[in-house]
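User: I would like to go through this model step by step, with each answer reasoned out before the value or name is given.

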Amino acid sequence: MFDREAYNRRMQWYLHDRFGMFIHWGLYAIPARGEWVRSQEQIPVEEYEAFFKEFNPVDFDPHKWARAAKEAGMNYAVLTAKHHDGFCLFDSALTDYKSTNTPCGRDLVREYLDAFRAEGLKVGLYYSLLDWHHPDYPHYGDRHHPMRENEAFKNHTYDFDRYLSYMHGQVKELCTNYGKIDLFWFDFSYDDMSGEKWKATELVRMIRSYLPDVLIDNRMTVNRMDQKQEGTGSLLSGDPAEYSGDFVSPEQIIPPEGIRDVGGNPVAWESCITMNNHWGYCAADKHYKPADMLIKKLVECVSKNGNLLLNVGPDARGNIPRQSLDILRRIGEWMHHSSASIYGCGGSELPKPDYGRITAAPGRLYFHVMEPLVGFVPLTGVRTQDIEQIRLLCDGSELKIADNWITENYPDVTFVSFGESPLLPDPVDTVIEVQLKKMD
């Protein structure tokens, strides 16, 4: 039976914080062609082993990463403790394939957790349900395994239960050896590799026995936005199964209308987005999204009751790329004066204005003006008599309601003015804070 009260309690911080950092990092930073390199190039385990023997990120300083996230206005982070290649950034007792056995010789998950907690950030861990290194994870014929077409594995016998014992055991290590974890981000289900194939109910019950308030994503099931595709027991059904998770995780897209369940109620979701076109470090990928664009995408997510998890892919030396740091700094400059329109906010029932977006918090509306207007700014849907005060969020200055022969032609619309300049005070997103009168 789904416990709605417990769910609402553990979701409070997540629905408030809205903005987080995703960190994809591992052996794949060395070939520097993205985190799927082993699968895409069908690299044999023996050849990939060279990167394990070399791994030594001499510049790794998680405190720098944590400060970059904090200064960008992010409130939580998620690190890849183990990606699909099976390499572990933590000191697991269940495998030798881990960072402590490389020239690095360090438990990188522990250092990450300590550094991000020290900055006051919530901490999450990504853990891949797939494992291309484990001998009992299916090879030949699997849709994604690097050896999926290698005839040498065609008649190989696998003990998948042995793999599941290993996988569950590693998750237990993460639950019990590293203090409080705020979020688990499991990835991912496909074909028949979904739900109870992972012994998902058993896994979730084990996790919650140690970390009752931890948040879990929805990827123990196939990640769909359509209730007909997700099926009975999904988050979109209104009566989710235990392993359906706490939030939906659209990837590389922002849902056009947000996400609602079959009853029309908003469902918690988080759009995970890369800064360029890869999750893991890709040296040749210079196609970075501008900071101004990502600010607007963050606002769009919140205006649709969603979160944004923005990715960085550190390089083989342990450095977040300079381009990513520049983007984070620019986002942080905007968040410094406008984060009140993000934290603790969600969508509004008011119609989306042509010039931007609206986010809302109890008693307050935030009109995000993203393009210059001719004349005054219409606060469509807000009655003048319901307004307590209007302020420019970036500096707290008063904005007066415009009342003249022009606005008299639109008696049902409240207008404000930015002054004589046709340009916006902030050309990216100028935020108007409207405080509403308390209703009796």
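User: How many cavities of 30 Å³ or more does the structure hold?
Analyst: This is a predicted model, and the cavities are computed from the protein atoms alone. About 80 Å³ of space lies in the largest cavity, and about 40 Å³ lies in the second largest cavity. The number of cavities of 30 Å³ or more is 2.

User: By class, how many residues in the lining of the largest cavity are charged?
Analyst: The largest cavity is lined by 13 residues, and Asn 276, His 278, Tyr 288, Gly 313 and Ser 324 are the ones that lie nearest its centre. By class, the lining has 7 nonpolar and 6 polar residues, and the number of charged residues is none.

User: How many charged residues are there in the lining of the second largest cavity?
Analyst: Residues that line the second largest cavity include Trp 25, Tyr 28, Thr 80, Lys 82, His 83 and Asp 85. Its lining divides into 6 nonpolar and 3 polar residues, with the charged residues numbering 2.

User: In which order do the 7 strands of the open sheet lie?
Analyst: The pairing in this open sheet is parallel, and its edge strands, each of which pairs on one side only, are strand E5 (215-216) and strand E6 (269-273). At one of these edges, E6 and strand E7 (residues 306-312) pair over 5 bridges, with Gly 306 in E7 as the bridge partner of Trp 269. The order of the strands is E5-E4-E3-E2-E1-E7-E6.

User: Which residue in the turn of the hairpin formed by E11 and E12 has a positive phi?
Analyst: Strand E11 (residues 387-392) pairs in the antiparallel sense with strand E14 (residues 430-436) over 5 bridges, and Val 434 in E14 is the bridge partner of Ile 390. E11 is also joined by 2 bridges to strand E12 (residues 397-398), again running antiparallel, and there Leu 392 has Ser 397 as its bridge partner. The hairpin of E11 and E12 has 4 residues between the strands, and the turn residue with a positive phi, of about 80 degrees, is Gly 396.

User: How far apart are the end C-alpha atoms of helix H6?
Analyst: Helix H6 (residues 160-176) has 17 residues, and at 1.5 Å a residue these should span 24 Å. The expected span takes one less than the number of residues, and the model agrees with it, because the end C-alpha atoms are apart by 24 Å.

User: How many of the 17 residues of H6 are buried?
Analyst: Buried means a relative accessible area under 20%, and the residues of H6 that meet this cut-off include Phe 160, Tyr 163, Met 167, Val 171 and Leu 174. What covers the buried residues includes strand E2 (76-82), strand E3 (122-128), strand E4 (183-187) and helix H7 (200-210). H6 is mostly covered, the number of buried residues being 12.

User: Is Ala 32 buried or exposed?
Analyst: Ala 32 is found in the loop between strand E1 (19-23) and helix H2 (37-40), and its phi is positive, about 60 degrees, although it is not a glycine. Most residues other than glycine have a negative phi. The relative accessible area of Ala 32 is 12%, and the cut-off is under 20%, so Ala 32 counts as buried.

User: Which peptide bond is cis, with omega near -10 degrees?
Analyst: Most peptide bonds are trans. Phe 188, found in the loop between E4 and H7, takes part in the cis bond, which runs from Asp 187 to Phe 188.

Conventions:
Residues numbered from 1 in each chain as written. Predicted model: local features only at pLDDT ≥ 70, side-chain atom pairs only at ≥ 80, totals over all residues. Heavy atoms only, no water. Buried < 20%, exposed > 50% of the residue type's maximum accessible area, 1.4 Å probe, protein only. Contact = heavy atoms within 4.5 Å. 1 Å grid on protein atoms, 1.4 Å probe; cavity = no way out; pocket = protein on both sides within 12 Å on 5 of 7 lines; lining within 4 Å. Points joined across faces, edges and corners; volume = space filled by probe spheres on them. Nonpolar A, V, L, I, M, F, W, Y, C, P; charged D, E, K, R; others polar. Pairing = 2+ DSSP bridges.
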